[in-house]
Amino acid sequence: MIAMDFEEIKRSLPHRFPFLMIDRIHFLDPGKRVVASKNISGNDIVFLGHFPGKSIYPGVMITEAIAQAAGIVLKERGGKAAEMMLAHSDIRFLRPVIPGDRLTIEVRTEKVARAGAVVAARVKVLDKLVAKGRMVLKTA
Amino acid sequence: MSGIDKEHIRRIVARVTEMDPEEILDESHLVDDLGIDSIMALEILALIEKELKIGIPEEKLDSVKSANLNGLVQLLEELQV
């Protein structure tokens, strides 16, 4: 089992504040599956506008977190995460995510090729599913 | 006798291209007529693998792109045997 802390994640992904969406990798099977987490802080800059008086973490940021987790699972099999771009996503958002939540993001690869990859994702807060779906990443 | 359900393949192609299944003709060329690129072809292969339980090697990606619906079904039949 491979796990990664925040510093190791920064060596794997090119993203930085305020757009690094993965805090920890709990489990990584390179090229196949990853379980990552992202803590949602009320201090996150995105809550300045989404929304004043009612903080809800944007679905688009959850989508990005999934893409970054996918980037790690693909890079660690020998690819380059920096060169993977989100091409298509079909993510369904089931419950609102709010400050204090901790996202557990599980990504499994369904098809990996030189042109890109298709992955399936499930995102939970505690034992509640908050988002799920499929995503296609393109090799840039 | 074919073991591949062509209508199932048509529905998968329609889903990825966001078209109506009726618009996907047997002779529809995936690239020239439906505008499929490498990433959409990859998505189609992933759905076929998942829903029809057929393993499709990556080398077949170009063959898929250069086929029409009938050609894709024929390719899958060859992979099944």
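Which residue stands opposite A:Ile2 in strand 2 of chain A? Select A:Ile2 and look across: A:Leu28 in strand 2 of chain A is the residue there. Keep that pair on screen as the starting point of the tour.

**Before you go on**

This is a predicted model, in which local features need pLDDT of at least 70, side-chain atom pairs count only at pLDDT 80 or more, and totals for chains, interfaces and linings use all residues. Residues are numbered from 1 along each chain as its sequence is written, while chains are lettered from A and ligands numbered from 1 in the order in which they are written.

**Stop 1: chain A as a whole**

Color chain A by secondary structure and you will find two helices and seven strands. Helices (H or I, at least four residues) and strands (E, at least two) are DSSP runs, numbered from the N terminus. Following the chain from that end, the elements run β-α-β-β-α-β-β-β-β. Zoom out, and the C-alpha trace of chain A spans about 45 × 30 × 30 Å along its principal axes.

**Stop 2: the sheet**

Now show just the strands of chain A. Seven of them form an open sheet in the order 1-2-3-5-6-7-4, with antiparallel pairing; two strands pair if DSSP finds at least two bridges between them. Strand 1 (2–4) and strand 4 stand at the edges with a single partner strand each, so one side of each has no neighbour in the sheet. On average, neighbouring strands are turned by 20° against each other, direction ignored.

Return to the A:Ile2 end: strand 1 and strand 2 (residues 24–29) of chain A pair in the antiparallel sense over two bridges. Then go to the other edge, where strand 4 and strand 7 of chain A pair over nine bridges, also in the antiparallel sense. Select A:Arg92 there, and you will see A:Lys132 of strand 7 opposite.

Next, select strand 6 and strand 7 of chain A, an antiparallel pair with ten bridges. A:Val123 stands opposite A:Ala131 in strand 7. These two strands form a hairpin with two residues between them, and A:Leu126 in the turn has a positive phi of about 55°.

**Stop 3: helices on the sheet**

Add helix 2 (residues 59–75) of chain A, which packs on the sheet and touches strand 2, strand 3 (33–39), strand 4, strand 5, strand 6 and strand 7 of chain A. Its direction makes about 55° with that of strand 5 of chain A. Axes are lines fitted to C-alpha atoms, for helices over the stretch in contact, and angles run from 0 to 180 degrees between N-to-C directions. Bring in helix 2 of chain B too: this helix packs on the sheet, touching strand 4, strand 5, strand 6 and strand 7 of chain A, and makes about 95° with the direction of strand 5 of chain A.

**Stop 4: where the chains meet**

Display both chains. Eleven residues of chain A are in contact with ten residues of chain B; contact here requires C-beta atoms, placed from the backbone, to lie within 7 Å. Strand 4 (84–93), strand 5 (102–113), strand 6 (116–125) and strand 7 (128–139) of chain A each supply at least two residues of the side that touches chain B. Strand 5 of chain A gives the most, with three residues.

**Stop 5: two helices of chain B**

Finish with helix 1 (residues 6–17) and helix 2 (residues 38–52) of chain B, whose axes come within 10 Å and cross at roughly 140°. Among the residues making this contact are B:Ile12 of helix 1 and B:Leu47 of helix 2.

Terms used: Contact = placed C-beta atoms within 7 Å.
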